[in-house]
Amino acid sequence: MILEVRELVVRYGQATALDGVSLEVGEGEMVALVGPNGAGKTTLLNTISGLIRPASGSIRTAGRVVQVPEGRQLFGDMTVEDNLRLGAWRVRDRNLSHIYELFPPLSEMRRRRAYTLSGGEQQMVAVGRALMGGPQLLAVDELSLGLAPLVVQNLAEHVVRLNRESGMAVLLVEQNARLALDICARAYVLEAGRLAMAGQSAELRRSPAVQAAYLGGAVGEGEAVRAPATSPRTAGGGEGGGTAP
Ligand SMILES: Nc1ncnc2c1ncn2[C@@H]1O[C@H](COP(=O)(O)OP(=O)(O)O)[C@@H](O)[C@H]1O
Ligand SMILES: [Mg+2]
């Protein structure tokens with residue numbers, strides 16, 4: 001087990017953000033954490049990363065956990081390369097070449113200031129910066145946030161490849177439940193600070209409760225990866241149609 005969270009309770013003042021959450025990630029595993037806005041997903045990641053001190057419960061890690069923070073959190077005025085270097089402050093290997101091999105477009109943009117990049121490119125930098133920390137567990141907070149479907153798909157493929165090729169475990173926090181359940185074998189559903197469900201993604205996808213709450217009703221596989229659940233679904237809607245806000 002690379003991560004073992006037991007009965008975690010986190011409070012912000014009087015408000016309880018996490019109420020007895022337990023969760024595990026095995027070595028080399030890809031696990032999804034889905035749930036609506038405000039469920040406590042970011043709080044959980046920040047507590048695992050040590051940014052928040054829990055009121056009670058325990059967190060055990062067997063390896064380095066590095067987080068890709070929600071909203072990327074790059075230094076906009078710094079270059080891509082300098083942003084990447086920041087990820088390596090606590091490790092010895094500061095060689096950027098493996099990041100550029102993984103994300104070739106970043107190599108061409110290395111001298112550009114981060115704020116000039118598109119959202120998807122910035123997310124690549126945020127993932128690359130996390131990888132510079134040499135994680136055994138990569139905890140990604142909202143990979144897809146604000147990005148067009150094709151861009152999300154490309155990023156997701158990179159994360160899956162990293163997992164397969166390097167054995168790095170992944171905890172993927174996503175509001176896009178369909179994406180998360182597609183690429184992670186196992187998933188947890190967090191609602192209002194509590195685990196509502198947990199299990200194999202294939203089983204969760206078949207659950208009527210999950211379909212109703214997170215998959216926009218019973219829709220065909222693959223279809224809604226492109227279209228947000230809230231957008232009107234046109235019959236025979238073609239490729240490239242899923243970019244409506
Ligand atoms: N720094 C904070 N101070 C007080 N309340 C917070 C803070 N951060 C988050 N919360 C509250 O905790 C709950 C969980 O938030 P968050 O972990 O950001 O959820 P999610 O990432 O699932 O959207 C929400 O009700 C949110 O308003
Ligand atoms: Mg969040």
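The exercises below, each with a worked solution, go through a predicted model of a protein chain with a ligand.

Residues are numbered from 1 along each chain as its sequence is written, while chains are lettered from A and ligands numbered from 1 in the order in which they are written. Because the model is predicted, local features need pLDDT of at least 70 and side-chain atom pairs count only at pLDDT 80 or more, whereas totals for chains, interfaces and linings use all residues.

**Exercise 1. Find how many helices and strands the protein chain has, and what share of its residues is buried.**

Solution. Start with the secondary structure, in which helices (H or I, at least four residues) and strands (E, at least two) are DSSP runs numbered from the N terminus; the chain has ten helices and nine strands. Then turn to burial, where a residue is buried if 20 or more other C-beta atoms, placed from the backbone, lie within 10 Å of its own, exposed if 12 or fewer, and partly exposed in between. Of the 245 residues, 38% count as buried.

**Exercise 2. Explain why helix H1 is described as largely enclosed by the rest of the structure, and work out what H1 supplies to the shell around ligand 1.**

Solution. First, H1 spans residues 41-48, and seven of its eight residues are buried, so the helix is largely enclosed. Those buried residues are Lys 41, Thr 42, Thr 43, Leu 44, Leu 45, Thr 47 and Ile 48. Next, list the residues around ligand 1 (those whose C-beta atom, placed from the backbone, lies within 6 Å of it); among them are Tyr 12, Asn 37, Lys 41, Thr 42 and Thr 43. H1 gives three residues, the largest share of this shell, and strand S2 (15-25) also supplies at least two. Finally, after H1 comes Gly 50, with a positive phi near 85°.

**Exercise 3. Determine whether Ala 114 is buried or exposed, and which residues it is in contact with.**

Solution. Begin with its place in the chain, which is the loop between helix H4 (104-108) and H5. Ala 114 has 23 C-beta neighbours inside 10 Å, and therefore counts as buried. Then look for contacts (C-beta atoms, placed from the backbone, within 7 Å): leaving aside neighbours within four places in sequence, Ala 114 is in contact with residues including Leu 74, Phe 75, Met 78 and Val 125. As a last step, take Met 78, which is 36 residues from Ala 114 in sequence, yet 6.1 Å from it in space, C-alpha to C-alpha.

Note on methods. Two residues are in contact if their C-beta atoms, placed from the backbone, lie within 7 Å.
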